[in-house]
Amino acid sequence: MASVTISNIRKEYGTVEVIPGLDLSIEDGQFVVLLGPSGCGKSTLLRMIAGLEPITSGAIAIGDKVVNTLHPKDRNIAMVFQNYALYAHMTVFDNMAFSMQLKKRPKEEINQKVGWAASILNLTPYLERYPRQLSGGQRQRVAMGRAIVRDPTVFLFDEPLSNLDAKLRVQMRTEIKELHQRLKTTTVYVTHDQIEAMTMADIIVIMRDGHVEQIGRPLDVYDHPANLFVASFIGSPAMNLFHGEVAPERDAWVVRTDKLSLPLPPKAAVRPGQKVIYGIRPEHLRPVANGSGIPTTVNVVEPTGPEIHIFASMGDSTICSVLHDRMELSPGAVIHLEPTPERIHLFDQGSGKRLDKESN
């Protein structure tokens, strides 16, 4: 196992700068997810760590060794791809053993390592089958087994679950996380799926346009987004956002929009007249029956089983609320929604940066 240290990495394709100088430290044994929209540079960064993409400038170190000029096979990493990349004419056993066979390792060692990896991944009954005789999830486990037997210091995963159906993705998320907990090998995992990131990562690195927007534990990133981009990208359904201005109202301060007066969170670090973006997650908007709160008209009701998603309109705007209790609602019904004060997020309209609460 080893840490991964990325120092001022830059990547250019001709005159196009994809990553304009990025620093990142991944501790030994961590499961780090690179998360962001398509084109943010996350897969390019992973491929540079693997040695599949040359860097323009900067340095990548695995452990205490700078690997900029090392061939991928000499970096002691193992990569799992989105498309499995299995040899169709080889059995599961031979696919997993191939790298060791190339190195002419002893047969006993090969049998031992492949057997060990197969037992971890529940592949033992399938060792004599060919890839065409396996399901998508089983093929992905074979690809993971091929990586495990190499005993790498770092695992790299490039959107490995994208080709699986929804049920298999859930199953494989759990299996990859359990595998990491068992092996404790440093892992860098790329995805655009925030659910994968939230459920699997020790640390999430959120990227946009080649820059790191925020690094943190999943719930810290969710509960305390550093800026407007992170707030809107993390969370499904997305955070409700309103543009407004801090203004006095009766004996309190509120954020006033074109049609609403929204309560400020306790000890908000704002000033009168400041233009802000007011954010509240759908699960922190609760229905109230006394006529207070935000009056909305129900457009769509989506029962998911454990939750009910309510999409409602306020004039030209749409707001979403997630309810955990059963509630009979139909399109056209009027419902009043009230934000939970301590769960309100404020961002500066100009910079998009989070506005924290005042200290005591």
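The following exchange concerns a helix pair, a cavity and a pocket in a predicted model.

Biologist: What makes helix α4 and helix α5 roughly parallel to each other?

Modeller: The axes of α4 (residues 136–148) and α5 (residues 166–183) cross at roughly 20 degrees. Angles under 35 degrees count as roughly parallel, and α4 and α5 are therefore roughly parallel to each other. Their axes come within 11 Å, and α4 passes α5 in a right-handed crossing.

Biologist: Which residues of α4 meet which residues of α5?

Modeller: Contact means heavy atoms within 4.5 Å. On the α4 side, the residues are Gly-137, Gln-140, Arg-141, Met-144 and Ile-148. They meet Leu-168, Gln-171, Met-172, Glu-175, Ile-176, Leu-179 and Leu-183 in α5. By class, the residues of this contact divide into seven nonpolar, three polar and two charged.

Biologist: Why is Gly-137 placed with the polar residues?

Modeller: The class follows from the rule, because Gly is among the residues that count as polar. Arg-141 in α4 and Glu-175 in α5 are also part of the contact, and Arg and Glu count as charged.

Biologist: What makes a space a cavity, and how many are there of 30 Å³ or more?

Modeller: In a cavity a 1.4 Å probe fits but cannot get out. By this rule the count comes to one cavity of 30 Å³ or more. About 50 Å³ of space lies in the largest cavity.

Biologist: Which residues line the largest cavity, and which element gives the most?

Modeller: The lining consists of Phe-31, Phe-155, Phe-157, Ile-176, Leu-179, His-180, Leu-183, Thr-185 and Thr-187. Two or more residues come from each of β7 (154–158) and α5. Helix α5 gives the most, with four residues. Ile-176, Leu-179 and Leu-183 line this cavity and also take part in the contact with α4.

Biologist: How do you know which classes of residue make up that lining?

Modeller: Phe, Ile and Leu count as nonpolar, and the lining has six nonpolar residues. His-180, Thr-185 and Thr-187 belong to the lining, which has three polar and no charged residues.

Biologist: What makes the largest pocket a pocket and not a cavity?

Modeller: A pocket is an open set of points, whereas from a cavity the probe cannot get out. The largest pocket has a volume of about 500 Å³. It is lined by 20 residues, of which Met-79, Phe-81, Ser-99, Arg-146 and Arg-150 lie nearest its centre.

Biologist: Which elements supply the lining of the largest pocket?

Modeller: At least two residues come from each of β6 (77–80), α2 (92–102) and α4. Helix α2 gives the most, with four residues. By class, the lining has 13 nonpolar, three polar and four charged residues.

Conventions. Residues numbered from 1 in each chain as written. Predicted model: local features only at pLDDT ≥ 70, side-chain atom pairs only at ≥ 80, totals over all residues. Heavy atoms only, no water. Axes fitted to C-alpha atoms, helices over the stretch in contact; angles between N-to-C directions. Parallel < 35°, antiparallel > 145°, perpendicular 65-115°, else oblique. Left-handed = near helix turned anticlockwise from the far one by under 90°. 1 Å grid on protein atoms, 1.4 Å probe; cavity = no way out; pocket = protein on both sides within 12 Å on 5 of 7 lines; lining within 4 Å. Points joined across faces, edges and corners; volume = space filled by probe spheres on them.
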